[in-house]
Amino acid sequence: MADRERVQGYSHPMTLGVVVLLSQVLAKRGRWEEAVELTRRAIAGREQALAADSPHLVEN
């Protein structure tokens, strides 16, 4: 994952996809804190990559 992030960048869709997949694996293994951290990282990257008014982002 570090290589992909270095080459493609933090907010590249493929990098974020890997982050999400890893978070799902960690969650299934009961490693909740790590899974939540990676999920938050993916959300932050997604927000950075998309415009603030993008329909792919939901405001809380």
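**Exercise 1. Contacts along the chain**

What share of the contacts in the chain with a separation of 6 or more comes from residues 24 or more positions apart?

*Solution.* This is a predicted model, so keep that in mind as you work. Start with the contacts whose separation is 6 or more, then pick out the pairs lying 24 or more positions apart: these account for 33%.

**Exercise 2. Elements and surface**

List the secondary structure elements, then describe burial and accessible surface.

*Solution.* Begin with the elements: the chain has 3 helices and 0 strands, and from the N terminus on they run α-α-α. Next comes burial: of the 60 residues in the chain, 18% are buried. Finally, the accessible surface of the chain is about 4,800 Å², and carbon and sulfur atoms contribute 55% of that.

**Exercise 3. A pair of helices**

Work out how helix α2 is oriented relative to helix α3, and which residues join them.

*Solution.*

1. Take the axes of α2 (residues 13-28) and α3 (residues 32-49): they come within 8 Å and cross at roughly 160°.
2. Angles over 145 degrees count as roughly antiparallel, so α2 is roughly antiparallel to α3.
3. For handedness, α2 passes α3 in a left-handed crossing.
4. Now look at the contact itself. α2 supplies Leu16, Val19, Val20, Leu22, Ser23, Leu26 and Ala27. From α3 come Trp32, Glu34, Ala35, Leu38, Thr39, Arg41, Ala42, Gly45 and Arg46.
5. Sort the residues of this contact of α2 with α3 by type, and you get 10 nonpolar, 3 polar and 3 charged.

Conventions. Residues numbered from 1 in each chain as written. Predicted model: local features only at pLDDT ≥ 70, side-chain atom pairs only at ≥ 80, totals over all residues. Heavy atoms only, no water. Helix = DSSP H or I, 4+ residues; strand = E, 2+ residues; numbered from the N terminus. Buried < 20%, exposed > 50% of the residue type's maximum accessible area, 1.4 Å probe, protein only. Contact = heavy atoms within 4.5 Å. Areas by Shrake-Rupley, 256 points an atom, 1.4 Å probe, with all protein chains shown as cover. Axes fitted to C-alpha atoms, helices over the stretch in contact; angles between N-to-C directions. Parallel < 35°, antiparallel > 145°, perpendicular 65-115°, else oblique. Left-handed = near helix turned anticlockwise from the far one by under 90°. Nonpolar A, V, L, I, M, F, W, Y, C, P; charged D, E, K, R; others polar.
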